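Student: I have a chain open in my viewer and would like to talk it through with you. Could we go from the overall picture down to single residues?

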Amino acid sequence: MTVPRTAPPALAAIDMGSNSFRLEIAQLNRSNYRRQEYLKETVRLGAGLDANGELTEAAMQRGLDCLARFAQRLQGFEPGRVRAVATQTLREARNRNSFLARAQAVLGHPIEVISGREEARLIFAGVARLQPSQTPRLVIDIGGRSTEMILGHGRVPLKAESFQVGSVSLSMRFFPEGRFSAEAFRAAQVAAGAELEEALSQFSRPLAQPAWVEALGSSGTVGAVAQILAATGVTDGSITPEALRWCIEQCIAVGHMDKLKLPGLKEDRRAVVGGGLCILYTLLTQFGIERLQPAKGALRQGVIFDLAERLEAAQLAQGRDMRDQSVAELQRRFGVDREQAGRVQDLALALYKQLQPRAPRELQRELGWAAALHELGMMVSHHDHHRHTAYLLAHVDASGFSQNQLKRLGDLALGQRGGLRKLEPQLGDETLLWQVLALRLAVIHAHARGAIAEGSMRLQRQGRRVRVQLDRDWAAAQPRAFYLMQEELQAWSKLELVELTLQA
């Protein structure tokens, strides 16, 4: 008798874009992707950035209301099976942290602000998995405030970049109140071209040995224009320079977005269609794209595929987590002493387990990555290398990591040595507190950069009281490290967050 296989639990992705928020729920069974539900709301978060680069209260409330509705649909989902990502608007917003605190409380799940390159990588992952091909490709995604371009082959993105020009930002600047004119379209195309010009050497299609054979467009703007072209019979849905000129002429002829009555144009795209057309026309003409086809797959599907790989790596001890590869690449690029990094990593995780026996796996992984990269800044200077490491981690592009998580790794690296006042506000987060303590003790214990006897340091914790028990032989053989350990007691006593005692 054949036992039927149990369907895998569903995964959910939330894409908090500059124009729309999207929720996708899907099941992944091996390579089969089955969408269960898709919700989209036009939030126009990107239109809510004021002159100071801050989100207005009205824009934030639109986002919070949408997330509250998404949260209702996600009731019953395990936390590890939901991933929410935010893009360009929250990369820019100066008050993003206050909005994220409110948004996470409403949604009930963490929200990751991802870099432009990470967004591009995830977009390509969605397209490559849902529309597989071994043909070299250029994939383009025009969002509300950014445009991503990716060259790839199969499932591998070879080049990925993000540019700060999108349909919302360009429409607000050049088509205020929805007014269309030939002069405004020309000016918008020049502005888009100026932003995208630096990509010409990487993404254009030379006649000899082209880097790509087919061009695909992902997500909202491309889909909206393709629907107009198909509904009007101008093309079969393919986007060409001639078809785009026709669309632009229709806009100029009516003079205002409210008068634009094109078949296939949805109401939620009307306010941003001008900017989207300008970016598309600039891309096709500057990069030699004769025909752009709408793609299956987008950021939200890429997030689901990436989440599935993380879960597989964590639960089945196989598969891959892109973040491990990124850590190894950063170690290579910055010439990290991997033996020392490995010693500190092993020690920090062992000590952390004694401090937090039931710590979630993701917190353990964060500590492990921070330990693996704690000497990254030595490539800049040995002096204050922990500060250089913190800066590099907070600003580097690392595939798989969100900007939030890289900032946390930077905080851990900053806290590995020296005074603790610099991290006093962050240490109010108890999960970070114990990670920092484990890393600091591991760095001291491995100070001599040699082999370390197992069990030569043990921790006993009761509440905020921690006793550090040192092997007497180790203490006698390592007077400098023992001195640093005594200094560590003083550092923690100044903050009064942890009562640290030493027994040797």
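Student: What radius of gyration does the chain have, and what would a compact globule have with 504 residues?

Tutor: Keep in mind that this is a predicted model. With 504 residues, a compact globule would come out near 23 Å, and the value for the chain agrees with that. The radius of gyration of the chain is 26 Å.

Student: What does the C-alpha trace span along its principal axes?

Tutor: Here we look at three directions of the C-alpha trace. The spans are about 85 × 65 × 50 Å.

Student: How much of the chain is buried, and what share of the exposed area comes from carbon and sulfur atoms?

Tutor: Buried here means under 20% relative accessible area, and 52% of the 504 residues count as such. The chain exposes about 22900 Å². Of that area, the share from carbon and sulfur atoms is 49%.

Student: Among contacts with a separation of 6 or more, what percentage joins residues 24 or more positions apart?

Tutor: For scale, the chain has 19 helices and 13 strands. Taking the contacts with a separation of 6 or more, the part from residues 24 or more positions apart is 68%.

Student: In what order do the strands of the 5-stranded open sheet run?

Tutor: The pairing in this sheet is mixed. β3 (32-42) and β5 (111-113) are the edge strands, each pairing on one side only, and the twist averages 20 degrees from one strand to the next. The order is β3-β2-β1-β4-β5.

Student: Which residue of β4 is the bridge partner of I14?

Tutor: β1 (residues 11-16) and β4 (residues 82-86) run parallel and are joined by 5 bridges. Within β4, the partner of I14 is A84.

Student: Which helix lies across β1, β2, β3, β4 and β5?

Tutor: Let's compare two helices that meet this sheet. Helix α1 (residues 57-73) packs on the sheet and touches β1, β2 (20-29), β3 and β5, with its direction at about 20 degrees to that of β2. The helix you ask about covers residues 299-315 and runs at about 135 degrees to β1; it is α11.

Student: Now the open sheet of 3 strands: which are its edge strands?

Tutor: The strands are ordered β11-β12-β13, with mixed pairing. An edge strand pairs on one side only, which is the case for β11 (457-462) and β13 (499-503).

Student: Which residue in the turn between β11 and β12 has a positive phi?

Tutor: β11 and β12 (residues 465-470) pair in the antiparallel sense over 6 bridges. Among the bridge partners are R461 with V466 and Q460 with R467. The two strands form a hairpin with 2 residues between them, and the one with a phi of about 60 degrees is G463.

Student: Which helix touches β11, β12 and β13?

Tutor: Helix α13 (residues 338-355) lies across β11 and β12, at about 25 degrees to β11. The other helix, residues 430-445, has a direction that makes about 155 degrees with that of β11. That helix is α17.

Student: How far from C278 is the nearest cysteine sulfur?

Tutor: A search of the whole structure finds 0 disulfides, and a disulfide would need sulfur atoms within 2.5 Å. C278 is buried, at a relative accessible area of 0%. Its nearest cysteine sulfur is that of C251, at a distance of 8.6 Å.

Conventions. Residues numbered from 1 in each chain as written. Predicted model: local features only at pLDDT ≥ 70, side-chain atom pairs only at ≥ 80, totals over all residues. Heavy atoms only, no water. Pairing = 2+ DSSP bridges. Helix = DSSP H or I, 4+ residues; strand = E, 2+ residues; numbered from the N terminus. Contact = heavy atoms within 4.5 Å. Axes fitted to C-alpha atoms, helices over the stretch in contact; angles between N-to-C directions. Rg over C-alpha atoms; globule rule 2.2 N^0.38 Å. Buried < 20%, exposed > 50% of the residue type's maximum accessible area, 1.4 Å probe, protein only. Areas by Shrake-Rupley, 256 points an atom, 1.4 Å probe, with all protein chains shown as cover.
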